[in-house]
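Please look over the sequence and the model shown below. The report that follows takes up the helices, their buried residues and a few selected side chains.

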Amino acid sequence: MSLKAFHIFFISVSALFFFLFTLWLILLNAFESTIWSTLAAVISAAIGSLLVAYGIRFVRKYKHLPVM
């Protein structure tokens, strides 16, 4: 596995983790509503979105490199 493939895989798994964490926080917020769980959900969703944007930018920038 090349470094490019590992980087794409790691960014994808990290973004998925943050979106699943956001979902968990939203479900937690349904049972016990606190400002901290809401804030953490918003921050987690923002980080996940930034990771997706970074992944797209990375793929476009290094599309000339082989994935192997």
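Does Ser-2 count as buried or exposed, and at what relative accessibility? Ser-2 counts as buried because its relative accessibility is 17%, where buried means under 20% relative accessible area, exposed over 50% and partly exposed in between, with a 1.4 Å probe and protein chains only.

## Basis of the model

This is a predicted model, in which local features need pLDDT of at least 70 and side-chain atom pairs count only at pLDDT 80 or more, while totals for chains, interfaces and linings use all residues. Residues are numbered from 1 along each chain as its sequence is written, and side-chain values use heavy atoms, with hydrogens and water left out.

## The start of the chain and helix H1

Ser-2 sits in the segment before H1, and a polar atom of its side chain lies 3.2 Å from the backbone nitrogen of Ala-5. Helices here are DSSP runs of H or I with at least four residues, numbered from the N terminus. Helix H1 covers residues 3-31, and the 42 Å between its end C-alpha atoms agrees with the span expected for 29 residues at 1.5 Å a residue, the expected span being 1.5 Å times one less than the number of residues.

The buried residues in H1 are Lys-4, Ala-5, Ile-11, Ser-14, Ala-15, Thr-22 and Leu-25, and what covers them includes helix H2 (35-61). Two other residues of H1 are partly exposed: Phe-10, with a relative accessible area of 48%, and Val-13, with 41%. The C-alpha atom of Phe-10 is separated by 32 Å from that of Glu-32, which is 22 residues away along the chain.

## Helix H2

For the 27 residues of H2, the expected span at 1.5 Å a residue is 39 Å, and the end C-alpha atoms are 39 Å apart, which agrees. The buried residues of H2 are Ser-37, Ala-41, Ser-44, Gly-48, Leu-51, Gly-55 and Phe-58, and H1 is included in what covers them.

## Surroundings of Ser-37

Ser-37, in helix H2, is buried with a relative accessible area of 6%. Leaving aside neighbours within four places in sequence, Ser-37 is in contact (heavy atoms within 4.5 Å) with Leu-25, Asn-29 and Glu-32.

The side chain of Ser-37 makes a polar contact of 3.2 Å with the side chain of Asn-29, and another polar contact, of 3.1 Å, joins the side chains of Ser-37 and Thr-34. A polar contact is a pair of N or O atoms within 3.5 Å; within protein, one must be able to donate a hydrogen and the other to accept it, and residues adjacent in sequence count only if both atoms are side-chain atoms.
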